[in-house]
Amino acid sequence: MWGKTENLPSRPQAAPPAMPVANVPTVEQPKPAPPPVRVEANGRAVIGPSLIMKAQITGVEDLYIDGQVDGAIDLTGHNLTIGAKGRVKANVVARNIFVEGNLEGNVQASEKVEIRKTGSLRGDLTTAGVTIEDGAYFKGSIDIVKASASVAAAKS
């Protein structure tokens, strides 16, 4: 007896009392806001006044530029508008081109180029029609072509 250990059946031990858990409200992580997108009513893309781009732009929708773009722009079959704050140094191909700001580069428009009174265009034009408002600045040559020939020239 003394000095011997006997195998006694073990008694089940009671579990320690549970600690009360405080109700911690779950905090939902805010979802990241989508990037600001400026969509015009007519569905055209917009390059805003704070943007400066060096790029080759190709698209299948109308484009409005109020920022600065250096490079090339190809919007065959669609319209390009350079807003009053727009500064573009690029060769441009589009259906219609409206210049209210500054455009420096050669231009091919299958239908019309319109330089508005606040606009400035330095470069050669190939188009079926051109309008230069009083007060607008233009320096370059103009090659008037038939509308069907202008479309072929724009594609080449």
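Ile-144 lies in strand S12, which covers residues 142–144, and this description refers to a predicted model. Together with Ile-132 and Ile-142, Ile-144 makes a nonpolar surface patch of about 240 Å².

The strand that holds Ile-144 belongs to a protein whose secondary structure comes to one helix and 12 strands. Read along the sequence, the pattern is β-β-β-β-β-β-β-β-β-β-β-β-α, with the helix following the strands. Some totals for the whole protein are set out below.

| Property of the protein | Value |
|---|---|
| Residues counted as buried | 32% of 156 residues |
| Contacts with a separation of 6 or more that join residues 24 or more positions apart | 5% of these contacts |
| Accessible surface | about 10,900 Å² |
| Part of the accessible surface that belongs to carbon and sulfur atoms | 55% |

A second residue to look at is Ala-90, which is placed in strand S5, a strand that runs over residues 87–99. Ala-90 counts as buried because its relative accessibility is 3%, while the cut-off for this class is under 20%. When residues up to four places away in sequence are left out, Ala-90 touches Gly-71, Ala-72 and Ile-73, and it also touches Leu-103, Glu-104, Gly-105 and Asn-106. For one of these partners, Gly-71, the separation from Ala-90 is 19 residues in sequence and 4.9 Å in space, taken from C-alpha to C-alpha.

Ala-90 in strand S5 is thus a buried residue, whereas Ile-144 in strand S12 takes part in a nonpolar patch on the surface.

How values were computed
Residues are numbered from 1 along each chain as its sequence is written. This is a predicted model: local features need pLDDT of at least 70, side-chain atom pairs count only at pLDDT 80 or more; totals for chains, interfaces and linings use all residues. Side-chain values use heavy atoms; hydrogens and water are left out. Helices (H or I, at least four residues) and strands (E, at least two) are DSSP runs, numbered from the N terminus. Buried means under 20% relative accessible area, exposed over 50%, partly exposed in between (1.4 Å probe, protein chains only). Contact means heavy atoms within 4.5 Å. Accessible areas come from the Shrake-Rupley method with a 1.4 Å probe; for residues, only the protein chains shown count as cover. Patches are made of residues with over 30% relative accessible area and no salt bridge: like charges are joined within 9 Å, nonpolar side chains (Val, Leu, Ile, Met, Phe, Trp, Tyr) within 5 Å. A salt bridge is a side-chain nitrogen of Lys or Arg within 4 Å of a carboxyl oxygen of Asp or Glu.
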